[in-house]
Amino acid sequence: MGFTRFHLRGLSNVATEWTLVALAYNCRRITRLTAA
């Protein structure tokens, strides 16, 4: 997906960014599993 580093600073901002990355990863994974 191209995620290499966090773009925001601060623990709460990083936690939010990581949540979005994990959500995108899981959505992509679900679509690939249901398509197969």
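How much area does the protein chain expose, and what share of it do carbon and sulfur atoms supply? The protein chain exposes about 3400 Å², and carbon and sulfur atoms supply 63% of it; accessible areas come from the Shrake-Rupley method with a 1.4 Å probe, and for residues only the protein chains shown count as cover. This is a predicted model, in which local features need pLDDT of at least 70 and side-chain atom pairs count only at pLDDT 80 or more, while totals for chains, interfaces and linings use all residues. Residues are numbered from 1 along each chain as its sequence is written, and side-chain values use heavy atoms, leaving out hydrogens and water.

Along the principal axes, the C-alpha atoms of the protein chain fill a box of roughly 40 × 15 × 5 Å. Of its 36 residues, 6% count as buried, that is, under 20% relative accessible area (1.4 Å probe, protein chains only).

Glu17 makes a good stop on the tour. This residue sits in helix α1, which covers residues 11-35. Glu17 is buried yet has no salt bridge (a side-chain nitrogen of Lys or Arg within 4 Å of a carboxyl oxygen of Asp or Glu). The nearest side chain of opposite charge, Arg5, is 8.2 Å away. The side chain of Glu17 does reach the backbone nitrogen of Leu8, at 3.3 Å. Not counting residues up to four places away in sequence, Glu17 touches Phe3, Arg5, Phe6, His7 and Leu8, where contact means heavy atoms within 4.5 Å.

Aromatic rings come next. Ring pairs link Phe3, Phe6 and Trp18 into a cluster, and the structure holds 3 aromatic pairs; rings of Phe, Tyr and Trp (its six-membered ring) pair if their centres lie within 6.5 Å.

Note on methods. Buried < 20%, exposed > 50% of the residue type's maximum accessible area, 1.4 Å probe, protein only. Helix = DSSP H or I, 4+ residues; strand = E, 2+ residues; numbered from the N terminus. Lys, Arg positive; Asp, Glu negative; His and termini not counted. Polar contact = N/O pair within 3.5 Å; in protein donor to acceptor, adjacent residues only side chain to side chain. Phe/Tyr/Trp six-rings, centres within 6.5 Å; stacked < 30°, edge-to-face > 60°.
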